[in-house]
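Biologist: I should like to learn how to read a ligand site and a domain interface. Could we take them in turn?

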Amino acid sequence: MANVIIMGAQWGDEGKGKIVDLLTEQADAVVRFQGGHNAGHTLVVDGKKYVLHLIPSGIIRGKKCFIGNGVVLDPTALIDEMQEMANLGVSITGAGFKISALTHLIMPYHRELDIAREKRKGKGKIGTTGRGIGPTYEDKMARRGIRLSDLYNRQVFEAKLQENLAYHNFMLENFYNAATFTLESIRDDYLRMADTLAPFVDDVGTLLADAMDAGQAILFEGAQGTMLDVDHGTYPYVTSSSVVAGGACSGSGVGPTHIDYVLGVTKAYTTRVGSGPFPTELTDAIGKHLYTVGHEVGASTGRPRRCGWFDAVVLRHAVRANGITGLALTKLDVLDGLKTIKICVAYQRNGRRMETMPADPSIMDVCEPIFEEMPGWSEPTVGIERFEDLPQNARDYIQRLESLTGVPADILSTGPDRVQTILRRNPFSHTR
Ligand code: IMP
């Protein structure tokens with residue numbers, strides 16, 4: 001059976017949740033491998049809406065679900081989400097949900113640091129979700145982080161917490177002029193939550209190896225998007241994890257030779273939340289059309305998303321950095337009714353044409369997009385299930401995107417429900 005990575009090819013919010021849900025049917029297990037509850041995946045299943053931040057979407061279909069070592073885990077957020085799912089009738093225990101003992105914990109001081117840093121940056125802020133993601137990854141890399149497994153050795157946990165508090169309280173008080181924390185207030189809460197999470201803590205890397213040995217198919221569910229990757233995105237306006245396909249391997253303990261197909265999810269236009277360069281951004285009536293018709297509001301923070309035309313430079317970058325096999329093109333129907341549609345085919349700077357993304361995003365900020373214009377279509381594409389039934393201009397648009405990115409659009413999404421999909425090539429049937 002094939003193992004498939006699904007990841008965002010833009011700045012996140014590409015509609016990965018729906019695509020993951022669609023392909024979950026063919027998977028035996030679904031794995032989250034990076035990020036934390038900064039992500040928000042919205043799913044509509046049988047008319048019922050589910051918003052997930054940490055638990056892999058496969059939970060709704062009763063699949064085995066894993067949180068890999070590359071995730072940063074806020075236990076409060078996870079327990080709340082588990083309760084929410086239970087309230088919606090989704091069984092967590094029955095699905096064989098497991099969390100890697102190696103995941104790093106988001107602590108209350110990480111959230112405080114995240115917010116205090118953004119405040120200090122003022123206008124130059126990154127526009128983080130304020131969930132403590134960045135500071136937690138910093139502690140991980142600094143080798144002082146607290147992992148889930150530490151909660152089950154009280155002495156180790158207390159010693160690490162003490163050491164971390166000494167350092168972070170000093171910074172919070174003296175550098176950021178922000179609130180500090182006592183050991184007792186954090187310790188007792190976290191030890192209580194450790195009891196709740198204990199049945200789910202396991203060695204995820206080994207469980208995945210066993211599943212693959214048994215011939216099971218694994219779906220790796222990416223969060224955020226390539227342009228938010230800490231190395232390959234618009235640094236420093238990025239998140240702090242390895243969002244790209246390679247992150248699926250390091251973030252779950254699975255070697256790259258086990259991956260058969262990488263699906264890059266992209267909208268038929270572009271959006272981004274937070275600050276940072278965005279060459280094709282539209283602040284006119286068309287931007288408003290994309291925002292309104294596309295309901296472009298963040299699932300995690302409720303923030304409005306910035307909207308713009310499709311950027312083929314960004315997509316070519318994503319194809320290269322992830323080794324994308326095929327694309328899932330979402331929200332095509334949002335373009336219905338537009339007279340003309342523009343595609344950014346390259347950038348221009350000082351009269352020079354650039355086909356690839358500049359490594360320095362401050363250069364990206366002053367790049368002019370070179371647009372190609374195509375006629376739009378007036379017929380609605382919502383819910384169309386066969387490629388042949390799409391308006392000719394919509395088919396031409398898709399084919400142009402394929403030729404500009406160099407990869408096939410294997411999946412087309414024409415609405416939020418899973419049936420509103422055109423499956424042209426099944427990633428799980430793909431063999432290398
Ligand atoms: P952080 O991940 O909270 O540190 O935020 C860093 C940047 O990533 C900000 O620009 C956020 O808006 C963006 N970001 C984080 N998670 C998501 C997501 O799930 N969708 C879109 N943008 C995100």
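**The ligand and its surroundings**

Modeller: In this predicted model, the ligand is surrounded by 15 residues, of which the closest are Asp13, Asn38, Thr129, Thr239 and Arg303.

Biologist: How many residues of each class does the shell around the ligand have?

Modeller: The shell comprises 7 polar, 6 nonpolar and 2 charged residues.

Biologist: Which polar atoms of the protein lie beside oxygen or nitrogen atoms of the ligand?

Modeller: A pair of N or O atoms counts as a polar contact within 3.5 Å. Here, a polar side-chain atom of Thr239 is 2.6 Å from a ligand oxygen. Gln224 also contributes a polar side-chain atom, 3.2 Å from a nitrogen atom of the ligand. From Gly127, by contrast, it is a polar backbone atom that lies 3.3 Å from an oxygen atom of the ligand.

Biologist: How much of the area that the ligand exposes when taken alone does the protein bury?

Modeller: The ligand alone exposes 470 Å², and the protein buries 96% of that area.

**Domain 2 and domain 3**

Biologist: Where do the domains lie along the chain?

Modeller: The domain assignment gives domain 1 as 4-103 + 198-258, domain 2 as 104-196 and domain 3 as 266-429. The C-alpha centres of domain 2 and domain 3 are 37 Å apart.

Biologist: How is the size of an interface often given?

Modeller: It is often expressed as the accessible area lost when the parts come together. Between domain 2 and domain 3 about 380 Å² is buried, with 34% of it from carbon and sulfur atoms. On the domain 2 side, Gly127, Thr129 and Arg131 lose the most area to domain 3, together 69% of what that side buries.

Biologist: Which contacts are counted between domain 2 and domain 3?

Modeller: In domain 2, 6 residues are in contact with 5 residues of domain 3. Between these domains there are 3 residue pairs in polar contact and 0 salt bridges. The residues on the domain 2 side that touches domain 3 divide into 3 polar, 2 charged and 1 nonpolar.

Note on methods: Residues are numbered from 1 along each chain as its sequence is written. This is a predicted model: local features need pLDDT of at least 70, side-chain atom pairs count only at pLDDT 80 or more; totals for chains, interfaces and linings use all residues. Side-chain values use heavy atoms; hydrogens and water are left out. A residue is near a molecule or strand if one of its heavy atoms lies within 4 Å of it. A polar contact is a pair of N or O atoms within 3.5 Å; within protein, one must be able to donate a hydrogen and the other to accept it, and residues adjacent in sequence count only if both atoms are side-chain atoms. Accessible areas come from the Shrake-Rupley method with a 1.4 Å probe; for residues, only the protein chains shown count as cover. Ala, Val, Leu, Ile, Met, Phe, Trp, Tyr, Cys and Pro count as nonpolar, Asp, Glu, Lys and Arg as charged, and the others, Gly among them, as polar. Domain bounds come from an automatic or database domain assignment. Contact means heavy atoms within 4.5 Å. Buried area is the accessible area (1.4 Å probe) that two parts lose on being put together, summed over both. A salt bridge is a side-chain nitrogen of Lys or Arg within 4 Å of a carboxyl oxygen of Asp or Glu.
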